[in-house]
Amino acid sequence: MARPRRSGAYEDPAATLAAAAELLAVLHARGQDGVKPAVSPSQLRALLAVEGAEGINLRTLSDVLGSRPPSVTRLCDRLEAMGLLVRSPRPSSRREVELRLTPRGRALLDERRAIRVRELSAVLGRMAPEAVDALIAGLTAFREAAAQSYPPGGPSAGTDTSAAPASPGPRATSARVPDSA
């Protein structure tokens, strides 16, 4: 069904959203500033996926990340060496390995989120309350529409729910992982 044309700033909503996403990416990247150990975007995506599906196996993590299993194994080697992730045999099948965050891995994600929330709060604080309400309503509708295309456990929707101001909670609840985390 064709949407009615809008005038002015709303003429191309996708372009407006893309520009906002670029600014969010800058604010999101600030969540890495000063956090030790520094992790790459790929490592962060893996940590977020494990957090969202504690006990996930390597094959499923490969699917979630859209990477080949050997690459994910090397990625997990590095995360384990940094003390952020632990691999252990699954109790029900010792041939299968499950992945879990370490307390240090959880602390790293929590610290990154706190920094991002602080950055986003500063921007939201400069907006009129009505504009914040409209933004939250729009982001909620966007997330719901995106969820129809990208159900939990499916391909990445390209959004990091922990950075979006669409919900007040600091933790992401989806196993989906952003490409630009």
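Arg90, Glu96, Glu98 and Arg100 are linked in a network of salt bridges, where a salt bridge is a side-chain nitrogen of Lys or Arg within 4 Å of a carboxyl oxygen of Asp or Glu. Before going further, note that this is a predicted model, in which local features need pLDDT of at least 70, side-chain atom pairs count only at pLDDT 80 or more, and totals for chains, interfaces and linings use all residues. Residues are numbered from 1 along each chain as its sequence is written, and side-chain values use heavy atoms, with hydrogens and water left out.

## The charged pairs

Why do such pairs form at all? Side chains of opposite charge can pair when their charged atoms come close. The structure holds 8 salt bridges, and here are three of them, including one from the network above.

| Pair | Closest N to O |
|---|---|
| Arg113 and Glu51 | 2.6 Å |
| Glu54 and Arg106 | 3.1 Å |
| Arg100 and Glu98 | 3.4 Å |

Start with the Arg113 and Glu51 salt bridge. Arg113 sits in helix H5 and Glu51 in helix H2, 62 residues apart, so this pair links distant parts of the chain. Both Arg113 and Glu51 are buried; buried means under 20% relative accessible area, exposed means over 50%, and partly exposed is in between (1.4 Å probe, protein chains only).

Next come Glu54 and Arg106, whose side chains meet in a salt bridge. Glu54 lies in the loop between H2 and H3 while Arg106 is in helix H5, so the pair ties together parts that are 52 residues apart in sequence. Glu54 is partly exposed at 29% relative accessibility, and Arg106 is partly exposed too, at 31%.

In the Arg100 and Glu98 pair, Arg100 is partly exposed with a relative accessible area of 32%. Glu98, on the other hand, counts as buried at 8%.

## The overall layout

Now step back to the whole chain. Its secondary structure comes to 6 helices and 2 strands, and from the N terminus on the elements run α-α-α-α-β-β-α-α. Helices (H or I, at least four residues) and strands (E, at least two) are DSSP runs, numbered from the N terminus. Of the 181 residues, 33% count as buried. Among contacts between residues at least 6 apart in sequence, 57% join residues at least 24 apart, with contact meaning heavy atoms within 4.5 Å.

## The nonpolar core

Which residues touch the most other members of the largest nonpolar core? They are Leu47, Val50, Leu61, Leu79, Leu85, Leu99 and Leu109, out of 24 residues in that core. A nonpolar core is a set of buried Ala, Val, Leu, Ile, Met, Phe, Trp, Tyr and Cys residues joined through side-chain atoms within 4.5 Å. Helix H2 (41-52), helix H3 (58-65), helix H4 (69-81), strand E2 (93-101) and helix H5 (103-124) each supply at least two residues. The largest share, 6 residues, comes from H2.

Take Leu109 as an example. Leaving aside its neighbours within four places in sequence, Leu109 is in contact with Leu44, Leu47, Leu48, Glu51 and Leu101. Glu51 in that list is also the salt-bridge partner of Arg113.

## A closer look at H2

H2 has 12 residues and reaches 16 Å from its first C-alpha to its last, close to the 16 Å expected at 1.5 Å a residue. That expected span is 1.5 Å times one less than the number of residues. H2 is mostly covered, with 9 of its 12 residues buried. The buried ones are Gln43, Leu44, Arg45, Ala46, Leu47, Leu48, Ala49, Val50 and Glu51. What covers them includes helix H1 (13-29), H3, H4, strand E1 (85-90), E2 and H5.

## How the helices cross

The axes of H2 and H4 come within 10 Å and cross at roughly 85°. Axes are lines fitted to C-alpha atoms, for helices over the stretch in contact, and angles run from 0 to 180 degrees between N-to-C directions. H2 and H4 are therefore roughly perpendicular to each other; angles under 35 degrees count as roughly parallel, over 145 as roughly antiparallel, 65 to 115 as roughly perpendicular and the rest as oblique. Ser42, Gln43, Ala46 and Leu47 in H2 meet Leu75, Arg78 and Leu79 in H4.

H3 and H4 pack at about 105°, with their axes 9 Å apart, which makes H3 roughly perpendicular to H4.
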